[in-house]
Amino acid sequence: MSPKAKPQLAREHLGRALPAVAAVDYTEAVTWLFASLEAAVAALADQHGVSIEPKHWKKAEVAEQLFAQGAVSIDFAPALRTLNNARKKAVYEGDEPDLGDQSLEDLAADVESAVALAEGGAS
């Protein structure tokens, strides 16, 4: 079995996240939103010839770089950082994560935008 294309993987992870967002299941929601956004950013990096390392914080740097270069019109780095911290809080500590001034729905909308871009939508 060969690996799935990153845009497809991003869409599948988003499909797992959205029911958890609707149910306000923080652990499932932030885990799958984070995985989806990471896959989408990796796909966008590939599409724009930007190398990406398999480290969470490096993917946020790549998201910033893509935005700074004008490759995408949205900086996904803040959402990546928020979701990564939320994932750690929910999974490792079993506590409701701090999403700052965003809701799960706000973060899901950001991730949906990234996935659409990765699938070939407008930047």
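Lys 59 is a good place to begin, since this residue is buried, with a relative accessible area of 15%. The value falls in the buried class because that class covers residues under 20% relative accessible area. Lys 59 lies in helix H3. Leaving aside neighbours within four places in sequence, the contacts of Lys 59 are Glu 38, Val 41, Ile 52, Glu 53, Pro 54 and Leu 80.

The structure described here is a predicted model. Its chain has an average pLDDT of 92, and 96% of the residues score at least 70. Among the elements of the chain, the highest mean pLDDT belongs to H1, at 97, and the lowest to H3, at 91. Helix H3, the home of Lys 59, is thus a helpful element to keep in view while reading on.

Attention now turns to the nonpolar interior. In soluble globular proteins, nonpolar side chains tend to be buried together. In this model, the largest nonpolar core is made up of 39 residues, and Leu 33, Leu 37, Phe 76 and Leu 83 have the most contacts inside it. At least two residues of this core come from each of helix H1 (6–22), helix H2 (26–47), helix H3 (56–68), helix H4 (77–93) and helix H5 (104–118). The most is given by H2, which supplies 11 residues. Leu 37 offers a view of the core from one side chain: not counting residues up to four places away in sequence, Leu 37 touches Phe 76, Ala 79, Leu 80, Leu 83, Val 111 and Ala 114.

The packing of one helix pair can be followed in detail. Two packed helices are described by the angle between their axes and the distance between the axes. For H2 and H4, the axes come within 9 Å and cross at roughly 145 degrees, and the crossing is left-handed. On the H2 side, the contact is made by Thr 27, Val 30, Thr 31, Leu 33, Phe 34, Leu 37, Glu 38 and Val 41. H4 contributes Ala 79, Leu 80, Leu 83, Asn 84, Ala 86, Arg 87, Ala 90 and Val 91. Sorted by class, this contact of H2 with H4 holds 11 nonpolar, three polar and two charged residues.

A last point of interest is the backbone at Val 24. Most residues other than glycine have a negative phi. Val 24, although not a glycine, has a positive phi of about 55 degrees. This residue sits in the loop between H1 and H2 and is partly exposed, with a relative accessible area of 45%.

Notes. Residues numbered from 1 in each chain as written. Predicted model: local features only at pLDDT ≥ 70, side-chain atom pairs only at ≥ 80, totals over all residues. Heavy atoms only, no water. Core = buried A, V, L, I, M, F, W, Y, C linked by side-chain atoms within 4.5 Å. Buried < 20%, exposed > 50% of the residue type's maximum accessible area, 1.4 Å probe, protein only. Helix = DSSP H or I, 4+ residues; strand = E, 2+ residues; numbered from the N terminus. Contact = heavy atoms within 4.5 Å. Axes fitted to C-alpha atoms, helices over the stretch in contact; angles between N-to-C directions. Left-handed = near helix turned anticlockwise from the far one by under 90°. Nonpolar A, V, L, I, M, F, W, Y, C, P; charged D, E, K, R; others polar. pLDDT = per-residue confidence, 0-100.
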